[in-house]
Amino acid sequence: MAVTRTFSIIKPDATRRNLTGAVTKMLEDAGLRVVASKRIQMTREQAEGFYAVHKERPFFGELVEFMISGPVVVQVLEGEDAVKRNRDVMGATNPADADEGTIRKTYAESIEANSVHGSDSDENAKIEIDFFFNEDELVG
Ligand SMILES: Nc1ncnc2c1ncn2[C@@H]1O[C@@H]2COP(=O)(O)O[C@H]2[C@H]1O
C-alpha cells in the first residue's frame, strides 16, 4: 500500500473544547503522521474558498459562519492509504451515523459541529493541502 498524504481540519467545536491533542492522538493511533500543523483563525474569504464546492447547498452560509467562529488546526497527515485511513478514523459526517471509536462518534456535537474535516480523494487532498500550506512547510 502506498504512503500518501491527506488534509485535515480540527474544527472550532473541537478547538473550543481543548480537544486538539485528543483528536490528534486518535489520528496518530490510526497510523497517520502529522507532517504539518498550524492553528489559524480562518478568514471568511478562506472559508468560502475552501468550501466553494458546497456554495449552492442550503447549509453553506452556516457552514462558513461556523468555520470562522473560532480557531481551527489545519494539518497534513501522512500514512499508508492516508485518505481512506483518515476517513475511517473520522467516521460518518453525521455523528449520529458514525461508528463507535471514531472521532466524530466520540467528540462531534452535530453534523455541522462535527469536529474534523478530511479530504475525500487523493486529488482533493492535494488541492486542499495547497490551499493552506507551502511545500516547505511539509516535513515528513
Ligand atoms: N446537511 C449537511 N449535509 C452535509 N454536510 C453538512 C450539512 N450541514 C453541515 N454540513 C457540514 O458541511 C461540511 C462539508 O465538509 P466537511 O467534511 O467539513 O463536513 C461537512 C459538515 O460539517
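Before selecting anything, one definition: a residue is called buried when its relative accessible area is under 20%, exposed when the area is over 50%, and partly exposed in between, using a 1.4 Å probe and protein chains only. By that rule, buried residues make up 45% of the 140 residues in the protein chain.

This is a predicted model, in which local features need pLDDT of at least 70 and side-chain atom pairs count only at pLDDT 80 or more, while totals for chains, interfaces and linings use all residues. Residues are numbered from 1 along each chain as its sequence is written, and side-chain values use heavy atoms, with hydrogens and water left out.

**Stop 1: the whole chain**

Start with the cartoon view. You should find seven helices and four strands in the protein chain; helices (H or I, at least four residues) and strands (E, at least two) are DSSP runs, numbered from the N terminus. Trace the protein chain along its sequence and the elements follow the pattern β-α-α-β-α-α-β-α-α-β-α.

Now switch to the C-alpha trace, which spans about 40 × 35 × 25 Å along its principal axes. The radius of gyration of the protein chain is 14 Å, which agrees with the value near 14 Å for a compact globule of 140 residues. That radius is taken over C-alpha atoms, and the globule rule is 2.2 Å times the number of residues to the power 0.38.

Contacts come next, where contact means heavy atoms within 4.5 Å. Of the contacts in the protein chain with a separation of 6 or more, 78% are between residues 24 or more positions apart.

Turn on the surface if you like. The accessible surface of the protein chain comes to about 7300 Å², and 48% of it belongs to carbon and sulfur atoms; such areas come from the Shrake-Rupley method with a 1.4 Å probe, and for residues only the protein chains shown count as cover. For charges, the protein chain carries 17 positive and 25 negative side chains, with the centres of the two sets 3 Å apart. Here Lys and Arg count as positive and Asp and Glu as negative, while His and the chain ends are not counted; each charge is placed at NZ of Lys, CZ of Arg, CG of Asp or CD of Glu.

**Stop 2: H117 and F50**

Select H117, which sits in strand β4 (residues 116-118). H117 counts as buried because its relative accessible area is 13%. Show side chains and look for E128: its side chain makes a polar contact of 3.1 Å with the side chain of H117. A polar contact is a pair of N or O atoms within 3.5 Å; within protein, one must be able to donate a hydrogen and the other to accept it, and residues adjacent in sequence count only if both atoms are side-chain atoms. Beyond its neighbours within four places in sequence, H117 is in contact with several residues, including F7, I9, M90, R104 and F50.

Move on to F50, in helix α3 (residues 44-50). F50 is buried too, with a relative accessible area of 9%. Setting aside neighbours within four places in sequence, its contacts are F7, I9, H117, E128, F131 and F132. For a distance to draw, try F50 to V64: they are 14 residues apart in sequence and 9.4 Å apart in space, C-alpha to C-alpha.

**Stop 3: helix α4**

Next, pick E65 in helix α4 (residues 60-67). E65 is partly exposed, at a relative accessible area of 42%. A polar contact of 2.8 Å links its side chain to that of R44. The C-alpha atoms of E65 and A47 are separated by 8.5 Å, with the two residues 18 apart along the chain.

E62 is also placed in helix α4. With a relative accessible area of 57%, E62 is exposed. Draw a line from E62 to K38 and you should read 24 Å, C-alpha to C-alpha, for residues 24 apart in sequence.

**Stop 4: three loop residues**

Go to N18 in the loop between α1 (12-16) and α2 (20-29). N18 is not a glycine, yet has a positive phi of about 60°. N18 counts as exposed, at 69% relative accessibility.

D81 lies in the loop between β3 (72-80) and α5 (82-90). D81 has a positive phi of about 50°, although not a glycine, and counts as partly exposed at 28% relative accessibility.

Finish at T43, in the loop between β2 (33-40) and α3. T43 is partly exposed, with a relative accessible area of 35%. From T43 to N134 the C-alpha atoms are 18 Å apart, across 91 residues in sequence.
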